[in-house]
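Student: Please pick one loop position in this model and look at it closely, then set it in the context of the whole chain. I would like one connected account with the cut-offs stated.

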Amino acid sequence: MKRFAEKSAAIATVCAVVLLLASAQIFAQDSAESKKKKAEEYDAIAKSQEDDDKYDWINLFDGKSLQNWIDVQDGGEEAVEVRDGILVLGMGPTTTSIRFDEKSEIKLPRENYEVEYVAKRDQGMDFFAALTFPIGDDYVTFVNGGWGGCVAGISSIDEMDASENSTSSFFNFRTGVWYRFRVQVTLRTVRVWINDELTVDYVVEGHSLRTRFEVEKCKPLGFASWVSSGWIKTVRIRTLSDEEVETMNKRAEQHATFFHL
């Protein structure tokens, strides 16, 4: 526990420094540069819509109601709602969470699939739409903005959280900005994109996988925020093509070959 506390404190310090530097850089820009940057900003919603006809998507969120979703949050009554086409995880004292109903007519796959969602942090300074998902009989969570707001990665692998294992990266998630997340899963490999940036490409085969206790209620598939309000615009799922599965499996085979040399 002492090691975990020290680790968390160190990461929180790094995140604070990253956010302070990012803020300083933003304030240093003049008005013209700020306007230019805003005009060129990645449009997560538009980018997601470009794939509407490219794949055979199944929408898990209808944009109108909580149909097929179960409110399992710890943040007080009515912390989860649908507002103006957005699935809102309200800010609670700890975890606010929701999970997909296993009794739904939509049957969730456990391998060879992709989940795409568009989300933003509306309030708070920690993870705002962490996705828990299945890998075969196991479950893990993609954490976006944990440990003070800027850690992204998979929890947990070999008993190590996203802040400790090699999927960990620092990403400046800005409050009020939409991000597009894509999570691809086979039994051997997990890949995650933030916007168009591949941030996780990890061979899970041969590793111990689990979720942290804060998101246990999100199984088999669900979202959680931590002392933050998360807004989710799109949630959909599709089956990976044979070519995509082959590419991911080759990654696993190359990894296995390298470690057995």
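Tutor: The account below starts at one loop residue and works outward to the sheet, the core and the less usual backbone positions.

The model is predicted: local features are reported at pLDDT of at least 70 and side-chain atom pairs at pLDDT 80 or more, while totals for chains, interfaces and linings use all residues. Residues are numbered from 1 along each chain as its sequence is written, and side-chain values rest on heavy atoms, with hydrogens and water left out.

The position is Asn68, in the loop that runs between strands β1 (58-59) and β2 (69-71). Strands here are DSSP runs of E of at least two residues and helices are runs of H or I of at least four, both numbered from the N terminus. Asn68 is classed as partly exposed because its relative accessible area is 23%; the scale calls a residue buried under 20%, exposed over 50% and partly exposed in between, using a 1.4 Å probe and protein chains only. Beyond its neighbours within four places in sequence, Asn68 has contacts (heavy atoms within 4.5 Å) with Arg99, Phe100, Asp101, Ser104 and Ile106. Ile106 is 38 residues away from Asn68 in sequence, yet their C-alpha atoms are 8.5 Å apart. With Ser104, the side chain of Asn68 makes a polar contact of 3.1 Å. Such a contact is a pair of N or O atoms within 3.5 Å; within protein, one must be able to donate a hydrogen and the other to accept it, and residues adjacent in sequence count only if both atoms are side-chain atoms.

One of the contacts of Asn68 is Phe100, and strand β5 covers residues 95-100. Strand β5 pairs with β14 (residues 222-226) in the antiparallel sense over five bridges, where pairing requires at least two DSSP bridges between two strands. Within that pair, Thr95 has Trp226 of β14 as its bridge partner. Both strands belong to an open, antiparallel sheet of seven strands in the order β2-β5-β14-β7-β8-β9-β10. The edges are β2 and β10 (169-170), each with a single partner strand, so one side of each has no neighbour in the sheet. Strands of a sheet pair through backbone hydrogen bonds, parallel or antiparallel.

Trp69 appears in the largest nonpolar core, which has 41 residues. A core here is a set of buried Ala, Val, Leu, Ile, Met, Phe, Trp, Tyr and Cys residues joined through side-chain atoms within 4.5 Å. Along with Trp69, the residues with the most contacts inside this core are Tyr117, Phe133, Phe142, Ile154, Phe181 and Phe223. Phe181, leaving out residues up to four places away in sequence, touches ten residues, including Tyr117, Phe128, Phe142, Phe173 and Trp193. Apart from this core there is another, of nine residues, with Phe127, Ala162, Val215 and Ala224 among them.

Several backbone positions stand out. Most residues other than glycine have a negative phi, and most peptide bonds are trans. Asn112, in the loop between β5 and β6 (113-124), has a positive phi near 55 degrees; it is partly exposed because its relative accessibility is 23%. Asn195, in the loop between β12 (189-194) and β13, also has phi near 55 degrees, but at 12% relative accessibility Asn195 counts as buried. Asp84 has a positive phi of about 55 degrees in the turn of the β3 and β4 hairpin, where two residues separate the strands. Strands β3 (residues 80-83) and β4 (residues 86-89) pair antiparallel over four bridges, and Glu81 is bridged to Val88 in β4. Two peptide bonds are cis: Ser155 to Ser156, with omega near -5 degrees, and Lys219 to Pro220, with omega about 10 degrees. Ser156 sits in the loop between β9 (151-155) and β10, and Pro220 in the loop between β13 (197-203) and β14.

For the chain as a whole, there are four helices and 15 strands, and 47% of the 261 residues count as buried. Of the contacts between residues at least 6 apart in sequence, 67% join residues at least 24 apart. Mean pLDDT (the predictor's confidence in each residue, from 0 to 100) is 87, with 80% of residues at 70 or more. Over residues 1-5, pLDDT stays under 50, and the model has four contacts there beyond four places in sequence. Residues 26-30 are also below 50, with two contacts in the model beyond near neighbours in sequence.
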